[in-house]
Amino acid sequence: MKIGVIGGGQLGRMLALAGTPLGMNFAFLDPAPDACAAPLGEHLRADYGDQDHLRQLADEVDLVTFEFESVPAETVAFLSQFVPVYPSAESLRIARDRWFEKSMFKDLGIPTPSFADIQSQADLDAAVASIGLPAVLKTRTLGYDGKGQKVLRTAEDVVGTFAELGSVPCLLEGFVPFTGEVSLIAVRARDGETRFYPLVHNTHENGILRLSVASEDHMLQGLAEDYAGRVLKQLDYVGVLAFEFFEVDGGLKANEIAPRVHNSGHWTIEGAECSQFENHLRAVAGLPLGSTAKVGESAMLNFIGEVPAVDKVIAIDECHLHHYGKAFKVGRKVGHATLRCDDMATLEQKIQQVEALIQS
Ligand SMILES: Nc1ncnc2c1ncn2[C@@H]1O[C@H](COP(=O)(O)OP(=O)(O)O)[C@@H](O)[C@H]1O
Ligand SMILES: [Mg+2]
C-alpha cells in the first residue's frame with residue numbers, strides 16, 4: 001500500500017518510520033527542497049496548490065493523509081475527487097480555524113474559554129469590554145507553537161493589537177488560570193472504533209511544547225475521553241486526533257484540537273504498545289487498531305534549536321533519540337528524546353540528565 005502525505009516534516013518522517021514495517025510505501029508532497037521526510041519515500045517537490053503534482057500524487061497512492069492542518073481547502077477538495085482522503089475535508093475545515101473549532105466545542109457542550117470573533121480593532125475593544133482582561137488574542141488560522149497570538153494584560157496592550165497580528169480574522173479568548181495542561185491522543189478507525197492513549201501532562205516554554213509526561217490513571221481520563229469522543233463522532237473522524245485541554249478547577253476546558261499525529265504523542269513510539277504514528281496509519285488504511293496501553297513510564301523532551309551531542313544523549317540508559325535531520329535554527333523543533341523506565345522517581349532523574357545536556 002502506498003500512502004500520500006501532504007507535508008514532509010518530522011511528522012511525515014515518523015509516519016514513514018512506523019508504516020515501513022507494515023509494508024507501506026510513502027510519497028510526500030512538500031515544496032521545501034530539504035523536507036526531512038524526503039529520504040523515507042518519494043518527494044514530490046511542489047506547492048500545495050499545484051494541481052499537476054496533486055494529480056500525480058493521487059494517481060500514485062492508495063490514499064492521502066496530512067501531517068499539518070493548514071492545507072488549503074482547495075487542495076483537499078481537489079484530491080478528494082481522485083483518491084480517498086483521511087481525515088476528511090470537513091475535519092480539516094473545523095480544526096484549522098479557531099472560531100469553527102471553539103464553536104463546535106460549545107455546540108457539543110464541551111467547556112472552553114469564553115471567546116469572540118474579531119474582524120477589526122472595534123470588535124476587539126468591544127470583546128475586551130465583555131470578556132475582560134487578561135485575555136489572549138489569536139489569529140483564527142495558521143497559528144502554531146505559540147505564533148500568531150498575544151496575551152493582553154492591560155488596556156495599553158489592547159491598543160493597535162489587531163493590526164499587530166496582521167489585521168487578519170482573530171479570536172479573543174478569556175485567559176485561563178490553569179493548574180496544568182494535558183492532551184489526549186485519540187484514534188478512530190473507518191468503522192468508528194475509537195481508542196485513547198493515557199492523558200499526557202505538557203509543559204510549554206515560550207508557547208512551544210518542551211516536556212510531555214504520560215500519566216498513570218489520571219482522574220480526568222474519563223472526562224477527557226468523553227469530550228474527545230463527542231468531537232470524533234461529530235466529525236465522523238478517521239485517524240489520530242490530538243485534543244489539548246487546560247486543567248482548571250478540578251475539571252477540563254478545551255483549548256484546541258489537531259487533526260493529525262501530535263508532538264505530545266511522540267512518547268508512544270517507545271512508550272506504548274502501538275505508537276500514534278502506526279495507529280494513524282492503521283486507521284486511515286482500514287486496518288485493525290493497535291493497543292494504546294503504555295509500557296512502563298515515559299517522558300518526551302523536545303530539542304528546540306539544536307540537538308545536544310548524540311553520543312551523550314544515547315549514553316543515558318533507556319533514552320531514545322529522534323534526530324529529525326533538519327537544519328538547526330533558533331525556536332525550531334529539530335529532535336526529541338523519549339525516556340523510559342519503570343517508576344516516576346527514576347523518570348524524573350532521567351529528565352534532569354537530558355535537561356543538563358540541553359543546557360550545556
Ligand atoms: N486562553 C488561554 N489562557 C491561558 N493560556 C493560554 C490560552 N490560550 C493559549 N494559552 C497558552 O499558549 C499555548 C499555545 O496556545 P494554543 O492555542 O495551544 O496555540 P498553538 O496552536 O500555538 O499550540 C497553550 O498551550 C497555553 O500554554
Ligand atoms: Mg496548542
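In this predicted model, Val-187 stands opposite Arg-195 in β10. Strand β10 covers residues 194-196 and pairs with β9 in the antiparallel sense over 3 bridges. The two strands form a hairpin with 5 residues between them, and in this hairpin Gly-192 takes a positive phi near 95°.

Val-187 also stands opposite Val-240 in β13. The pairing of β9 with β13 is antiparallel and runs over 9 bridges. A further partner of β9 is strand β11, residues 200-205, again in the antiparallel sense, over 3 bridges. Within β11, Asn-202 is the bridge partner of Glu-181. Pairing of this kind has a general basis: strands of a sheet are held to one another through backbone hydrogen bonds, in either a parallel or an antiparallel arrangement.

Strand β9 itself spans residues 180-188 and is mostly covered, with 9 of its 9 residues buried. In a regular strand, side chains alternate between the two faces of the sheet. In β9, Gly-180, Val-182, Leu-184, Ala-186 and Arg-188 point one way, while Glu-181, Ser-183, Ile-185 and Val-187 point the other way. Residues of both sets are buried, including Arg-188 and Glu-181.

Strand β13, the partner of β9 over 9 bridges, leads to the metal site. The magnesium ion (ligand 2) has as its protein donors Glu-244 (OE), Glu-244 (OE) and Glu-256 (OE), at 2.0 to 2.8 Å. Glu-244 lies in β13 (residues 239-248) and Glu-256 in β14 (residues 251-258), so the pair ties together parts that are 12 residues apart in sequence. How do these glutamates stand on the scale from buried to exposed? Glu-244 counts as buried because its relative accessibility is 14%, under the 20% cut-off. Glu-256 has a relative accessibility of 21% and therefore counts as partly exposed.

Another part of the model is an open sheet of 4 strands in the order β5-β8-β6-β7, with antiparallel pairing. Its edge strands are β5 (115-118) and β7 (149-152), each of which pairs on one side only. On average, neighbouring strands of this sheet are turned by 20° against each other, direction ignored. Strand β5 pairs with β8 (residues 170-174) in the antiparallel sense over 4 bridges, and Asp-117 has Leu-171 in β8 as its bridge partner. Helix α5, residues 98-107, packs on the sheet and touches β5, β6 (135-139), β7 and β8; its direction makes about 150° with that of β5. Helix α6, residues 121-131, lies across β5, β6, β7 and β8 and runs at about 170° to β5.

Next come a pocket and a loop. The second largest pocket has a volume of about 260 Å³. Its lining consists of 15 residues, of which Phe-303, Ile-304, Glu-306, Pro-308 and Ile-358 lie nearest the centre. At least two lining residues come from each of β12 (208-214), β15 and α13 (344-359). The largest share, 3 residues, is supplied by β15.

Strand β15 (297-304) also bounds the loop that holds Leu-287, with α11 (276-284) on the other side. Leu-287 is partly exposed, at a relative accessible area of 36%. Leaving out residues up to four places away in sequence, Leu-287 touches Met-24 and Arg-282. From Leu-287 to Ile-110 the separation is 177 residues in sequence and 30 Å in space, C-alpha to C-alpha.

Definitions and conventions
Residues numbered from 1 in each chain as written. Chains lettered and ligands numbered in written order. Predicted model: local features only at pLDDT ≥ 70, side-chain atom pairs only at ≥ 80, totals over all residues. Heavy atoms only, no water. Pairing = 2+ DSSP bridges. Axes fitted to C-alpha atoms, helices over the stretch in contact; angles between N-to-C directions. Contact = heavy atoms within 4.5 Å. Buried < 20%, exposed > 50% of the residue type's maximum accessible area, 1.4 Å probe, protein only. Donors = N, O, S within 2.8 Å, 3.2 Å for Na, K, Ca; no water. 1 Å grid on protein atoms, 1.4 Å probe; cavity = no way out; pocket = protein on both sides within 12 Å on 5 of 7 lines; lining within 4 Å. Points joined across faces, edges and corners; volume = space filled by probe spheres on them.
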